[in-house]
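Reader: I would like a close look at one loop residue and at the helix packing around it. Please keep the criteria explicit, since I want to compare them with my own.

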Amino acid sequence: MPDLLRTVNETLHFKIAHDDLTKYNAVQKLLYVVVILAGISQVATGLAIWKPIQFYFLVDLFGGFQGARLLHFLGMVVIVGFLAVHVALSLLVPSTLRAMITGGPIVSRPEGRVEAES
């Protein structure tokens, strides 16, 4: 939790240092978990809205049809917000944007490791 608060505070003050692109900070880990849960929620609420008679148990789980619609909308807001923050932060730290486009950072191999031949 202290790591999370420190990272949020640094980000809000635009002191974003992301030197090692192979390691996620606390905020990144939390946001990726949140967006994955939001995606799962979107599927479940979408099914409840799409076929409320067939998926009545999902409709009941979400507190009725209106509850499923509300949760579906809130899930969409979470995903769009995640994308907006994700793009904004990647533009603020150009090395992350380069890594996203090229497929990741260049990671050096440990000494003594032999590559397998094809």
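What is the relative accessibility of Pro52, and as what does this residue count?

Author: This is a predicted model, in which local features need pLDDT of at least 70 and side-chain atom pairs count only at pLDDT 80 or more, while totals for chains, interfaces and linings use all residues. Residues are numbered from 1 along each chain as its sequence is written, and side-chain values use heavy atoms, with hydrogens and water left out.

Pro52 has 30% relative accessibility and therefore counts as partly exposed, the class between buried (under 20% relative accessible area) and exposed (over 50%), with a 1.4 Å probe and protein chains only. Pro52 sits in the loop that joins H2 to helix H3 (56-61), where helices are DSSP runs of H or I with at least four residues, strands are runs of E with at least two, and numbering starts from the N terminus. Setting aside residues up to four places away in sequence, Pro52 touches Leu47, Val59 and Phe65, a contact meaning heavy atoms within 4.5 Å. With Phe65, Pro52 has a C-alpha to C-alpha distance of 7.3 Å, although 13 residues separate the two in sequence.

Phe65 leads on to the packing of two helices, since Phe65 is one of the H4 residues that make the contact with H2. Helix H2 (residues 26-50) and helix H4 (residues 65-92) pack at an angle of about 145 degrees, and their axes are 8 Å apart; axes are lines fitted to C-alpha atoms, for helices over the stretch in contact, and angles run from 0 to 180 degrees between N-to-C directions. From H2 the contact draws on residues including Leu31, Val35, Ala38, Gly39, Gln42 and Ile49, and from H4 on residues including Ala68, His72, Gly75, Ile79, Phe82 and His86. By class, the contact of H2 with H4 comprises 14 nonpolar residues, seven polar and one charged, with Ala, Val, Leu, Ile, Met, Phe, Trp, Tyr, Cys and Pro taken as nonpolar, Asp, Glu, Lys and Arg as charged, and the others, Gly among them, as polar.

The burial pattern can be read helix by helix. In H2 the buried residues are Ala26, Val27, Val35, Ala38, Gln42, Ala44, Thr45 and Ala48. In H4 they are Gly67, Ala68, Gly75, Phe82 and Ser90, and these buried residues of H4 pack against both H2 and helix H5 (94-102).

Ile79, which lies in helix H4, gives a local view of the packing. Apart from its neighbours within four places in sequence, Ile79 is in contact with Val35, Ala38, Gly39 and Gln42. Ile79 nevertheless counts as partly exposed, because its relative accessibility is 24%. Between Ile79 and Ile36 the C-alpha to C-alpha distance is 9.1 Å, with their positions 43 residues apart in sequence.

A further residue to examine is Gly104, in the segment after H5, which counts as partly exposed because its relative accessibility is 23%. Gly104 and Thr22 are 82 residues apart in sequence, yet their C-alpha atoms lie 8.4 Å apart.

For the setting of these details, the protein contains five helices and zero strands, in the order α-α-α-α-α along the sequence. Of its 118 residues, 18% are buried. Among contacts with a separation of 6 or more, 46% come from residues 24 or more positions apart.
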